[in-house]
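Please open the model in a viewer and keep the sequence panel at hand. The tour below proceeds by selection, with a short account of what each selection shows.

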Amino acid sequence: MRVPAAGEPRDVRVHSLIREIATLWAFAIREYRIWQSYRVNQVMWMVNIFVTTLLFFLMGQMVKGKAAHLMGAAYGTNYMSFIVVGIAMNVFLFTNLADPYTRIARSYFNGTMDLMLLSPMSIYTPLLGFMTKSMLDDYPRLFFVGGFGMLLFGAAFRFQYTLPALGFTVLVLSSAFGIGMISASSFYLLNIKRGTEPVRFLVQQLLATLLAGSYYPVTVLPRPLQWVACLIPHTYAFDALRRLMDPGAHLGGAVLPLQQILPWPPLAVDGAVLGLMTLILIPVGLLLYARGIEKARRNGTLTRWQ
Amino acid sequence: MIRLSGIGKTFPGAELSLRGTKLVTQGPALWVRNLARAVRLTASPGAPVRALEDVTLNIAAGEVFGILGPNGSGKTTLVKIMAGLLRPTEGAGAVAGVEMNHPQAIRRRVSYVSTTGWMGLEWALTAEENIRFFGLLSGMSGALAKTRTDEALRDVGLMQDRHKAVSELSNGMRQRVILARALLLRTPVVLLDEPTVGLDPIHRDQVLALVRETLPARGQTVIVVDHQADALETIVDRAAILAGGRLLRAGTPAELVSGLEGVRVLEMVTRGSGEPRAAIPPQVQEVERIERPGPLGLTQWRLTVADRSDALEAALHWVLSGGGQAVQVAERAPRLADVVTGRLRREVSR
Amino acid sequence: MAVIDIQGIGKWYPGRRRTVALEGVDLRLAEGAILGLLGPNGAGKTTLIKILSGLLVPDTGRGTVLGYDLMRQARHIRAAVSLVAPTADVGIDNNLTVRQNLVFWAPVYGLFGEIARRRIDELLARLGLEGKADAWPMHISAGQRQRLALARSLLAENALVFLDEPTNKLDAEGIRSVRQLITDLNARHGVTVVLTTHVMEEAEELCSEIMFLAQGRVRRHLPTDEVLRSLGLVRPIRLALDSREAADFTPPDPRTLRGAERVAWGPGDIRGRVLLTVWSRDTVATTPELIEWVLHQGYRLAGMETERVTLEDVFATLSGAEGVH
Ligand SMILES: Nc1ncnc2c1ncn2[C@@H]1O[C@H](COP(=O)(O)OP(=O)(O)OP(=O)(O)O)[C@@H](O)[C@H]1O
Ligand SMILES: Nc1ncnc2c1ncn2[C@@H]1O[C@H](COP(=O)(O)OP(=O)(O)OP(=O)(O)O)[C@@H](O)[C@H]1O
Ligand SMILES: [Mg+2]
Ligand SMILES: [Mg+2]
């Protein structure tokens, strides 16, 4: 066995990056093993995706008649393409925003969290590591949603702006992850161990569901609510991606209140806001999460065992 | 009070698996499992685990009955079967007059303590509330629940800490909350799976006295599992020894060590001793030697020697023939603990 | 250099009733020591371990662990120590098999590929888990789960190991092999160990020094043998000696035996047997000299029993005297 002498700090920095990456990889393998070992889970996963996607589309069909003419010129002419973007983005955002808290909570109650803290890995590695589950479980839904929409419901897309669309996706995913980290930190910071986590509830369950515009453009909302919708990243991502991907959509022509006020092209507004949100939310998330752990370390709530 | 005949339990690798893979047994997955069974998706069973085999036991009312055996020998499985929490694969039996196939009725007549897992304590409630609410939920009147709770808390020595939330209790205190809760209903049968784990020596003795005196005085039959054979020996009327899912022996502690007549156990601690140089004397039957090279530099010896007056000296000479000093020597009759460990166990199981 | 060096550590938990869990704890632990942390339930042992491993911030005091500052460098401490929690329900991932659990942690501790595989096999074998390597943690017995928790913690080859009641739920064989494992880690690899246990015999067997806590304060901190002597208790060593004629028997002079206070003797139940009792306040010192005397005198030692002072006595005295109960 290799045991370093007591007190001799191991060469932490040189190996730390390699080790963090290896650890993330271990997380990914772990998630894959779990995913694979619950074979019925895979069946359920398919059933779940199939049913929920179908439900979303059926809902879309139902409001189609009313909503289609409200779409406005900017987002093109195909209502199904409009909601495919909404549903697909929601899958992404829900994962990045709502999952961190749930997974931190679960790992705390299993007693694995404190042992992860009690190891060479960084405190953020578990957060990222748990997200590898999403890549297996949630991100692939994107293809289902797209495939469904295109094959069964007549959605169509244009792919000439794929690269910018990808850029917007990365931006909105990271800003949503920032909010996810803030929400996760409330587990320790506010000592919310059970029930409803307020950040998650507010942003995802309330604002995003009601105002972000998965099924309809924000313009159908009263003006004050449109401004509220401008507070969450979802709104900008929907706007940008629809302009870029939906057939017949325009890159110009302001829709969101902020776009109407600022003298820039709408996509520049979307990009700037999403960039700014990422720049602010990620560091705030990192900071609050570290603070939360410090607080738990002080009042003895970090571990569940005594 | 408890009668078991030919009880066996095989954990089927298949029950929780679907073509050898694991299932979640909650929510939709449970539903899917049953569905899957119905449509016979379950193809290849995983390796089944034979946890118990042909266990036949009779435990009289008011008896304190111990169960001993190595890790994985089936003790918990047996206790769970007695608690009606697990259905045996084969065999029959009755607990508190209720046949095995009425687990609901059995569960009303037994109290079950396991110190494994979090055991369903409400973490936000105090120790006292946890116990009292359990009484209320079991249909006790408020007044009775209150007096019983106080009594139970006193029985396990938790009066001082009773107003702490479960999340604020130390490990040993929490174990005692679980124990106290099982004292509340005064069921005819009490099943204690490792009740002294995590308790300090004073509370351990208090709990052992509780098992030895208080519970039988209340007319309860107690089954107690514990790895500390020395402690168990002092409190049980009879005990069973399990190994590999089989019942090796059952009887009073004296009966269990019978078959070891004619031997004595010699425990010694030496300092600075090396490998004995002399030939091993005929009086010494078995040698167990543990080196503790660390800061103390001691060697522990446990010898099984013939019950003859020249055995001690012969053994001592032999041990010290490699040099060193004996700092502690104790010669005694074999105990239950000796039956559970070492060669003696192999002898008994023969 | 001291592996642990702390002064004046105190901790009170907020909550319903403010609990003073620790008060003014000083500890200096040299490399290669095995410290036994003993005391009644609620004494503050686990709290101290959490503080020393960087999982809990103390309210007063300061110090270093492995040379890192307890207050400012807790992150480095957490990365460099191993800990076994007092319940095996901590840290085991029920979604992974026994082996997969270990495989997950290997890269975290910088173990990769073949090295990791060998180390995992070695630990599974040493803890008697080979047969359960592919079982789900929910399907193994309590003691087997405890073994898995130990294997997980020892995967990291750290120089400082905290073991909070490590032999709970283990059978006699398991206890023996875990004690051996601790001895090996310490003697062969110089690992420093902080151990709590409620089995006094275990502390006596393994620990080089004992720290006794009660109600959050240190009552005693001494090398193990001194802790036993520190009570000043006098205990009997009883011998059965065979000589040709009981009448010829001359007892030893207590002044010639180290630690001995007085002797008493009388005839035994069979002819020629003498029952000799030597009262000693240090049976460890008296015993070898007494045996020497017996053999030198030519008596045959037919029986011997020492009612020695054990840590159970220390426990009873210290927690009793301080009015814990
Ligand atoms: N649900 C289960 N599925 C499959 N195997 C199981 C299950 N529960 C227990 N086993 C196996 O059955 C055997 C007996 O387990 P049991 O828990 O009864 O042992 P035990 O004697 O209580 O051990 P310990 O002293 O460690 O608590 C073990 O080999 C265990 O791995
Ligand atoms: N998270 C917590 N919140 C409030 N009080 C706590 C908390 N953890 C422990 N305590 C209290 O602090 C004291 C010390 O607890 P600790 O767990 O350190 O004891 P211990 O010596 O490890 O006991 P045991 O032998 O039972 O494990 C106890 O009075 C306990 O009730
Ligand atoms: Mg068990
Ligand atoms: Mg503790």
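**The ligand site**

Select ligand 1 together with C:Gly143: a polar backbone atom of C:Gly143 lies 2.7 Å from an oxygen atom of the ligand. The model is a predicted one, and every distance in this tour is computed from it.

Add C:Ser141 to the selection. Here a polar atom of the side chain is 2.5 Å from an oxygen atom of ligand 1. Next, turn to chain B and select B:His227, whose side chain places an N or O atom 3.0 Å from an oxygen atom of ligand 1.

Which residues come nearest to ligand 1? Among the 20 residues around the ligand, these are B:Lys75, B:Thr76, B:Thr77, C:Ser141 and C:Gly143. Colouring by chain is useful at this point: the site is shared between chains, because the residues surrounding ligand 1 come from chains B and C.

**A sheet in chain B**

Remain with chain B and display strands E13 to E16 as a cartoon. They form an open sheet of 4 strands in the order E14-E15-E13-E16, with antiparallel pairing. Strand E14 (284-292) and strand E16 (325-332) of chain B are the edge strands, each pairing on one side only. From one strand to the next, the twist averages 15°.

Now select residues 263-271 and 298-306 of chain B. These are strands E13 and E15, which run antiparallel and are joined by 9 bridges. Within this pair, B:Leu266 stands opposite B:Leu303 of E15(B).

Two helices may then be added to the view. Helix H10 (residues 311-320) of chain B packs on the sheet and touches E13, E14, E15 and E16 of chain B; the direction of H10 makes about 145° with that of E15(B). Helix H9 (residues 283-297) belongs to chain C, yet also packs on this sheet, where it touches E13 and E16 of chain B. The direction of H9 makes about 85° with that of E16(B).

**Salt bridges**

Side chains of opposite charge can pair when their charged atoms come close. Over all chains, the count comes to 54 salt bridges; a few are visited here.

Select A:Arg30 and C:Asp93, whose side chains meet in a salt bridge of 2.6 Å, N to O. This pair crosses between chains: A:Arg30 is in helix H1 (residues 12-37) of chain A, whereas C:Asp93 is in the loop between strand E6 (81-84) and helix H3 (98-105) of chain C. Are the two residues buried or exposed? Both A:Arg30 and C:Asp93 are buried.

For another setting, select B:Arg50 and B:Glu53, which form a salt bridge with their closest N and O atoms 3.9 Å apart. B:Arg50 is partly exposed, at a relative accessible area of 35%, and B:Glu53 is likewise partly exposed, at 24%.

Move to chain C and select C:Arg119 and C:Glu157, which meet in a salt bridge of 3.3 Å, N to O. The pair links distant parts of the chain, 38 residues apart: C:Arg119 lies in helix H4 (residues 113-126), and C:Glu157 in the loop between helix H5 (142-155) and strand E7 (160-164). C:Arg119 has a relative accessible area of 5% and is buried; C:Glu157, at 10%, also counts as buried.

As a last selection, take B:Glu267, B:Glu288, B:Arg302, B:Arg332, B:Asp338 and C:Arg176. Salt bridges that share partners join these residues into one network.

Notes:
Residues are numbered from 1 along each chain as its sequence is written. Chains are lettered from A and ligands numbered from 1 in the order in which they are written. This is a predicted model: local features need pLDDT of at least 70, side-chain atom pairs count only at pLDDT 80 or more; totals for chains, interfaces and linings use all residues. Side-chain values use heavy atoms; hydrogens and water are left out. Two strands pair if DSSP finds at least two bridges between them. Axes are lines fitted to C-alpha atoms, for helices over the stretch in contact, and angles run from 0 to 180 degrees between N-to-C directions. Contact means heavy atoms within 4.5 Å. A salt bridge is a side-chain nitrogen of Lys or Arg within 4 Å of a carboxyl oxygen of Asp or Glu. Buried means under 20% relative accessible area, exposed over 50%, partly exposed in between (1.4 Å probe, protein chains only). A residue is near a molecule or strand if one of its heavy atoms lies within 4 Å of it. A polar contact is a pair of N or O atoms within 3.5 Å; within protein, one must be able to donate a hydrogen and the other to accept it, and residues adjacent in sequence count only if both atoms are side-chain atoms.
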